[in-house]
Amino acid sequence: MKRKLLVQVTRVAAAVLPWMLGAFASGPAHAGLLPGASYTPLIVAGAPPDSPAARVDANLPTSPFSGVVSINIRYANGDSFICSGALVSKRDVVTAGHCVDSDGNGTVIDINAPGNDVRVVFNSQPNPGDPGRAIVTADKVSINPNYKGFGNCPPGVNSFCVNDDVAVVHMNADAPDTAAIYRMLNPDTVNNGQLITMVGYGTSGTGPDGFTVGPNFRIKRVGMNVMDLYDLDDEQGFVAGPQEVWYADFDGNGLDVFCDFFGTCTQVLPNDKEAGLGGGDSGGPSFVFMDGEYFLYANNTFGGTLFDGQIAGSFGTFSGGIVLASYADYLEQVTNGAIQIIPEPGSLALVGVAAAALLGARRRKRAG
Ligand SMILES: [Ca+2]
Ligand SMILES: [Ca+2]
Ligand SMILES: [Ca+2]
Ligand SMILES: [Ca+2]
């Protein structure tokens, strides 16, 4: 018998982080953040002998991920959140909109209000006091104007919209020299089957058990997956416009849910590579590795379960984020041209986007 398909998308990022950087969140999560949502974090390992520890990337200048940062968002009421991000210029970090959304409706945090701030935490060197571990305060924060809060859709669209969840944090001082600056790839089309490397500071765990390890501003993990499905523009009812949202399932222990439910049967990666996302991974990058370079390709913003009884973060759940190429104009504008965006070589432009229609169909079905 087929299990009832229950798509439940929960925000991945912005987990409350009570023990790092002196930040302490008393009481429940910030009121603006999806009340009642179960917080699920990012880079989750496979089954033993793979483990969360095995996915940790050393905080070294030689790491290709030295420019992946954690971000601490603090409010005057004491709320404190952790997210992840990617350095795209000496002063600019790309992250997720919901990380800096103060009211759940896409209103950017007022960093000029007393007690509020956004800080970028670098981990491009290993030892306390190293310049590569600088914590740099933001002097400007921008959320993509089409982002109206996690899950919130444009008027007239009856669905759950995770689209447009992109933000840029501008810092009041230069990033440390040891932190890598990433160039962004801007392909014409993103294809299902695209291999990605995901990096973040969020919750981790294992495929069998789900989330077991909390997020940490100083511990980043790396995992891989393959993009399976896409959503088009929510402002156009998901039937037109660019690919805005990507989805990947967390394959393992014989579970391949997007293959089973949507007929999208992409490569299942080895146990020590395939990964899901957890709380705190939000805003972190998904890279495409090409010609010896990691290019920024997408950000990571959500995770979810497909049916009742699934353990958050376990095999058979899914996660995803935002395809940044679809926001190239916005990113160019907000960084004052500081972000380096390069077109993807034609040889890599791929085949169709048959999968794009699938979630659209599901959405319409649900809506109907
Ligand atoms: Ca939108
Ligand atoms: Ca949109
Ligand atoms: Ca997968
Ligand atoms: Ca799969």
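**Reading burial, pairing and confidence in a predicted model**

Q: Why is Asp 228 called buried?
A: In this predicted model, Asp 228 has 26 other C-beta atoms within 10 Å, and a residue is called buried if 20 or more lie within that distance, so Asp 228 is buried. Asp 228 lies in the loop between β14 and β15 (229-231). Asp 228 and Gln 194 are 34 residues apart in sequence, and their C-alpha atoms are 7.8 Å apart in space.

Q: Is Asp 291 buried or exposed, and how do you know?
A: Asp 291 has 7 other C-beta atoms within 10 Å, and the cut-off for an exposed residue is 12 or fewer, so Asp 291 is exposed. This residue belongs to the loop between β17 and β18, and its phi, near 50 degrees, is a positive value in a residue other than glycine.

Q: What makes the phi of Phe 238 worth a remark?
A: Most residues other than glycine have a negative phi. Phe 238 is not a glycine, yet its phi is positive, at about 70 degrees. Phe 238 is found in the loop between β15 and β16 (245-249), and with 27 other C-beta atoms within 10 Å, set against a cut-off of 20 or more, Phe 238 counts as buried.

Q: Why is strand β18 described as largely enclosed by the rest of the structure?
A: Of the 13 residues of β18, 12 are buried, and therefore the strand is largely enclosed by the rest of the structure. Strand β18 (residues 293-305) also supplies 6 residues to the largest nonpolar core, as the next answer explains.

Q: Which residues touch the most other members of the largest nonpolar core?
A: They are Val 120, Val 169, Leu 296 and Leu 324, out of the 81 residues that make up this core. The largest share of the core, 6 residues, comes from strand β18. Leaving aside neighbours within four places in sequence, Val 120 is in contact with Val 69, Ile 71, Gly 85, Val 93, Val 136, Ala 138, Val 169 and Met 171.

Q: How do you know that β18 pairs with β17 and with β19?
A: Strands are said to pair if at least two bridges are found between them. Strand β17 (residues 285-290) and β18 are joined by 6 bridges and run antiparallel, and β18 and strand β19 (residues 318-323) are also joined by 6 bridges in an antiparallel arrangement. The cut-off is therefore met by both pairs. Between β17 and β18, Phe 287 has Leu 296 as its bridge partner, while Asn 299 stands opposite Ile 322 in β19. The two strands β17 and β18 form a hairpin with 2 residues between them, and Asp 291 lies in its turn.

Q: What makes β11 and β17 count as a pair?
A: There are 2 bridges between β11 and β17, in the antiparallel sense, and the cut-off is at least two, so the pair is counted. One of these partnerships links Thr 197 to Phe 287 in β17. Strand β11 (residues 195-200) also pairs with strand β14 (residues 220-226), in the antiparallel sense and over 6 bridges, with Leu 195 bridged to Val 226 in β14.

Q: How do you know that strand β4 is mostly covered?
A: Strand β4 (residues 68-74) has 7 residues, and 7 of them are buried. Val 68, Ser 70, Asn 72 and Arg 74 point one way from β4, whereas Val 69, Ile 71 and Ile 73 point the other way, and all are buried. β4 pairs in the antiparallel sense with strand β5 (residues 80-87) over 7 bridges, and with strand β7 (residues 117-121) over 5 bridges. Val 69 stands opposite Gly 85 in β5, and Asn 72 stands opposite Arg 119 in β7. β4 and β5 form a hairpin with 5 residues between them, and Gly 78 in the turn has a positive phi of about 100 degrees.

Q: Why should some stretches of the model be read with caution?
A: Where pLDDT is low, the predicted coordinates should not be read in detail. The chain averages a pLDDT of 83, and 81% of the residues score at least 70. Over residues 1-8, however, the pLDDT is below 50, and this stretch has 13 contacts in the model beyond near neighbours in sequence. The pLDDT is below 50 over residues 10-42 as well, a stretch with 113 such contacts in the model.

Terms used
Residues numbered from 1 in each chain as written. Chains lettered and ligands numbered in written order. Predicted model: local features only at pLDDT ≥ 70, side-chain atom pairs only at ≥ 80, totals over all residues. Core = buried A, V, L, I, M, F, W, Y, C linked by C-beta atoms within 7 Å. Helix = DSSP H or I, 4+ residues; strand = E, 2+ residues; numbered from the N terminus. Contact = placed C-beta atoms within 7 Å. pLDDT = per-residue confidence, 0-100.
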